[in-house]
Amino acid sequence: MRTPIAAIALVVVGLLAACGHGPTTGTAAEGPACEGPATAATQDWPAPLVPTPEPLLPVSLTDFSGTEVTVSKAERILALDVYGTLATTVHALGLGDRLVGRDVSTGVPELASLPVVTHNGHELNAEAILALDPDVVLTDYSIGPLEVQLQLRDSGVPVVILDGNRGRDVVGDQIREVAEALGVEAAGEELADRVAADIEEAESEVARLVPRDPSDRLRMVFLYMRGQAGVFYWFGEGSGADDLIEALGGVDVADEVDVAGARPINAEGLVLAAPDMFLMMSDGLESVGGIDGLLEVPGVAETPAGADRCVVDMDDSQILGYGPQYPATLRALAHAVYGEPDGSGGDRSR
Amino acid sequence: MLFVGGLAAAVVVVGIIAAGMGQLRVPPSEVLGSVLHRIGLDVGPEPSHPRGDAALWNVRFPRVVMAVLVGAALGGAGAVLQAVFGNPLAEPSVIGVSGGAAVGACAVIVFQWTFLGTFTTPAVAFVGGLATTLLVYGMSRSGGRTEVVTLVLMGIAVNAVTGALIALLVFVGDTQAREQIVFWQLGSLNGTRWEAVRVVAPLVAVGVAACMSLARRLDLLALGERSARHLGVDVERLRMVAIVVVAVLVAAGVAFAGVIGFVGLVVPHLARMAIGPAHRWLVPASVLGGALVLVAADLVARTAVDYADLPIGMLTALVGGPFFFWLLRRARATSGGWA
């Protein structure tokens with residue numbers, strides 16, 4: 001007798017809880033209205049440093065994996081990671097014309113014609129890379145297999161493994177590390193300072209767009225989806241998405257429910273969390289069939305974000321890439337979230 | 001005998017062709033020159049590409065050697081297992097070795113264990129494969145004997161559990177770990193280094209030698225368990241030794257290369273079609289046939305798409321499956337059934 005009552009009580013409590021998180025935006029006129037999806041696109045790639053620095057080599061350093069590496073030449077550089085951040089950094093340092101290949105994510109237009117050495121993001125082929133005869137390979141654990149990177153080292157190519165964790169607070173250090181490995185320390189300092197100043201500027205620009213009243217702030221969640229199977233992952237603390245939502249002035253829903261890293265969540269959990277806005281990777285949104293397909297995924301239509309079709313997507317490689325392009329990424333996302341600064345609204349044509 | 005000799009010659013020839021082909025183009029004369037220089041003969045041209053010599057010795061040669069070793073291990077293990085089970089469907093995954101190894105490898109990937117450096121994944125996979133096999137065997141044993149049917153059923157049950165554990169690990173892992181798991185399960189020889197070859201070679205050598213030494217008793221076992229026992233074969237002991245040998249061989253191969261399906265199943269069948277069921281020749285033919293298939297498949301895997309590396313398990317099944325199907329149809333048409 002007791003058990004059914006308890007079960008009913010639980011259900012009622014659950015329903016009440018669900019109502020408590022009910023839609024708040026869309027109805028509140030003073031809140032940041034969000035209707036229709038928007039795509040954030042940046043055309044502003046970081047400009048290379050002028051004048052072009054000349055590497056002072058050889059340099060010896062201890063890399064992220066604790067290995068002593070000596071770089072004695074940097075005429076032919078490979079910089080490979082899953083986001084394309086390392087190659088963008090080399091480009092911003094002014095050494096882009098020394099790159100002899102690129103990863104599939106590198107978006108800098110000047111580098112587009114280089115041969116792509118990573119086809120599915122993480123399976124490198126040692127022979128193909130050696131055929132490019134690199135003097136130095138900059139990479140991290142986001143790409144592999146690690147054995148291939150070790151094979152390159154066995155073959156006499158200095159392989160510098162860097163920290164692959166991306167986030168706002170490590171942008172400067174990661175720029176300096178790339179610069180140090182290429183013997184352009186002073187240029188690294190200059191670029192890191194420039195980017196740090198730009199980040200602060202971008203953040204204060206964005207801060208002006210954020211609603212003053214905390215209760216008007218958008219509840220955001222970074223949703224990782226692949227296909228319509230109804231599998232979603234949230235990106236939480238330490239995933240890079242947390243910094244992004246904070247900078248955008250959103251309320252990090254994943255933070256409220258203590259999601260760390262990437263965690264799967266089911267449809268009811270999504271409804272319960274009641275996000276106002278989804279941040280997504282463009283390919284992820286496309287894989288579910290765009291915004292219309294997304295709404296058919298169970299749970300999505302029942303969230304305020306789903307009801308308002310409030311989705312902001314950005315290129316997979318850019319949205320969590322950080323690096324020197326982070327200020328531009330942040331501005332583009334802010335414009336997609338809050339509309340253009342001139343009030344014309346973001347690109348909501350999708 | 002002639003067939004086995006021919007196979008051995010074919011492995012050597014295909015091995016040399018494979019050693020001479022790759023994404024970093026080195027003409028055959030320069031490959032030969034590089035080898036001759038390495039063994040102290042100052043003959044022939046050295047690779048003209050600045051990284052040519054390094055690529056050959058650090059990347060390509062260990063990989064070709066590993067393909068030979070893993071192929072030999074899978075082929076030999078398949079032949080022995082089919083004999084021990086007296087069943088043409090038996091393949092290494094039946095006794096849980098692949099599944100157990102996969103659970104070990106996935107756990108390393110998801111929990112990011114690194115206690116043995118780059119050897120962590122292969123070591124844990126090896127232990128996982130071996131332990132799972134012993135578990136299957138141990139649970140099937142009762143009153144000092146095992147029955148084939150119990151063994152197979154126990155293998156199926158254990159495979160279901162390992163499948164569930166892998167699914168759990170996929171769930172727990174982050175996006176990057178999931179991708180790694182998927183690719184590990186498709187198998188690849190990409191990134192093989194001499195260190196790995198040095199670990200696998202002795203295991204495969206001992207395992208293959210053990211397979212050969214079992215061959216005569218396997219022939220007697222083919223007469224039926226009872227007849228074999230009357231002829232002085234300790235069937236239970238034979239079965240146990242054979243399973244341990246198979247587990248070591250397959251675990252050694254799978255540990256570094258991931259799951260490579262079909263070779264252990266199909267190659268012994270092909271060998272049996274060519275030379276009949278006598279294990280004295282069937283076992284070496286399967287060993288060599290496995291090596292041949294894997295070297296050829298790996299050559300395609302690493303050269304088919306520029307800058308990319310295809311999963312080899314996909315290739316062996318994609319080509320092996322239809323070929324096997326065609327052979328089955330033909331065998332049915334000519335001999336009226338499967339023997």
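**Exercise 1.** Determine whether Glu30(B) is buried or exposed, and place this residue in chain B.

*Solution.* Step 1: Glu30(B) has a relative accessible area of 11%. Buried means under 20%, exposed over 50%, and partly exposed in between, with a 1.4 Å probe and protein chains only. Glu30(B) is therefore buried. This is a predicted model, in which local features need pLDDT of at least 70, side-chain atom pairs count only at pLDDT 80 or more, and totals for chains, interfaces and linings use all residues. Side-chain values use heavy atoms, without hydrogens and water; residues are numbered from 1 along each chain as its sequence is written, while chains are lettered from A and ligands numbered from 1 in the order in which they are written.

Step 2: The residue belongs to helix H2 (residues 28-38) of chain B. Helices (H or I, at least four residues) and strands (E, at least two) are DSSP runs, numbered from the N terminus.

Step 3: Leaving out residues up to four places away in sequence, Glu30(B) touches Pro45(B), Glu46(B), Pro47(B) and Ser48(B). Contact means heavy atoms within 4.5 Å.

**Exercise 2.** Describe helix H14 (residues 326-338) of chain A by span and burial.

*Solution.* Step 1: H14(A) has 13 residues and reaches 18 Å from its first C-alpha to its last. The expected span is 1.5 Å times one less than the number of residues. For H14(A) the expected value is 18 Å, and the span is close to it.

Step 2: Of its 13 residues, 13 are buried, so H14(A) is mostly covered.

Step 3: Just after H14(A), Gly339(A) takes a positive phi of about 90°.
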